[in-house]
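Please look over the charged side chains of the protein shown below, with attention to how they pair, before turning to its overall build.

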Amino acid sequence: MVGTVLGGSNNFFEIESEGGIVRLCSLKSKRLKDSGGYYNPLAPGDRVEFEADKMDETKGQVLSLLPRKNKFVRWNVKKRLPQVMASNLDCLLIVTTPDEPPFRPRFIDRAIAQAEAEGIEPVVVCNKFDLDASADLDLSSRLAIWEDLGYKVFRVSARTGTGIRELAEFLSGKICALVGQSGIGKSSIVNALDSTKSLRTSELSQKYGRGTHTTTKGSLLKLKLSGILGESASARVIDTPGVRRFVLHEIAADDLALYFREFRPLLGQCTFGMSCTHQGERGCKIQEAVYSGVISEERYESWLRISDEINSGSWED
């Protein structure tokens, strides 16, 4: 039979068959073909072949992983292995806030680059939009930078309901994953989209101003959007554990500009061609675009800093 991975850990996974039956399945063999090299053999959203247990229909065994359309991966620093957070996505919802925890545009740009590398549509969701941004942050201008590049940006508040209908309309019929820092409000957004859900949420640490991990493992959730859009509206959302430090996987510093979409059309047009570092050479089209305002200074600075992080192996939270 063929099924979809809803979640799991320790080599036991919840698999939903095409008939809607959910079984707890173990792996047929210790090393699943085509899943080698990753911290986790399977991720929410994966499609697998499995067989039901002949003695217990609530259990089964995974036989093979079917080819993935795409996958969203991060480098797991603690385990020193790549970790697949979700697969077979229509889009990636990158969740941020004006404050509590602090707004981190570098985190968003890293997640966008990783999604671009995999061919997944990145979408920025600014939760807690009812909160005031910190005094030194022009939030509207910063969000507008991504909008001007063609990325969808949603301004929502899971607490007040602001923007939730617009987000639900976008999600309807899609499978997406939520990614963001701990305490950013991913679970609260799920609860706001589907009133039948009651995912656990938590308060921020008063000492550090950052969240604790309330979602400890990724899970694929079926959301009923009927309370917002009508009886038949639904979406599938993968709620991923909060990530304090997002480290890129298999993106070299020299290739990073390929995944900054405003840089891409100019690559190779510099005087020094593809050898240009875009950091001081005469005739650099990237720097000319920055000086003329075609490329924002914020995104150029972000590209520089992320490139340095890749080269140095030292990543900010």
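## Salt bridges across the chain

In this predicted model, the count of salt bridges comes to 16. One of them joins the side chains of Arg47 and Glu18, with N and O 3.0 Å apart. This pair links distant parts of the chain, since Arg47 belongs to strand S4 (residues 47-52), whereas Glu18 sits in the loop between strand S2 (12-17) and strand S3 (22-27), 29 residues apart. Arg47 counts as partly exposed because its relative accessibility is 28%, while Glu18, with a relative accessible area of 63%, is exposed.

A further salt bridge is formed by Glu116 and Arg264, whose closest N and O atoms are 3.6 Å apart. Glu116 is part of helix H1 (residues 105-118) and Arg264 is part of the loop between strand S13 (234-239) and helix H6 (285-291), so this salt bridge ties together parts that are 148 residues apart in sequence. Glu116 counts as buried because its relative accessibility is 17%, under the 20% that marks a buried residue; Arg264, in turn, is partly exposed, with a relative accessible area of 37%.

## A strand pair and a network

Lys152 and Glu121 also form a salt bridge, the closest N and O atoms being 3.5 Å apart. Because Lys152 lies in strand S10 (residues 152-155) and Glu121 in strand S9 (residues 121-126), the pair ties together parts that are 31 residues apart in sequence. Both residues are partly exposed, Lys152 with a relative accessible area of 38% and Glu121 with one of 30%. Elsewhere, Asp109, Arg142, Glu262 and Arg299 are joined into one network by salt bridges that share partners.

## Overall build

The protein contains 7 helices and 13 strands, and its C-alpha trace spans about 70 × 45 × 40 Å along the principal axes. Its radius of gyration is 21 Å, which agrees with the value near 20 Å that a compact globule of 317 residues would have. Of the contacts with a separation of 6 or more, 65% are between residues 24 or more positions apart.

## Surface and charge

Buried residues account for 49% of the 317 residues. The accessible surface comes to about 15,700 Å², and carbon and sulfur atoms contribute 46% of that surface. The protein carries 42 positive and 42 negative charges, and the mean positions of these two sets are 6 Å apart.

Methods
Residues are numbered from 1 along each chain as its sequence is written. This is a predicted model: local features need pLDDT of at least 70, side-chain atom pairs count only at pLDDT 80 or more; totals for chains, interfaces and linings use all residues. Side-chain values use heavy atoms; hydrogens and water are left out. Helices (H or I, at least four residues) and strands (E, at least two) are DSSP runs, numbered from the N terminus. The radius of gyration is taken over C-alpha atoms; the globule rule is 2.2 Å times the number of residues to the power 0.38. Buried means under 20% relative accessible area, exposed over 50%, partly exposed in between (1.4 Å probe, protein chains only). Contact means heavy atoms within 4.5 Å. Accessible areas come from the Shrake-Rupley method with a 1.4 Å probe; for residues, only the protein chains shown count as cover. Lys and Arg count as positive and Asp and Glu as negative; His and the chain ends are not counted. The place of a charge is taken as NZ of Lys, CZ of Arg, CG of Asp or CD of Glu. A salt bridge is a side-chain nitrogen of Lys or Arg within 4 Å of a carboxyl oxygen of Asp or Glu.
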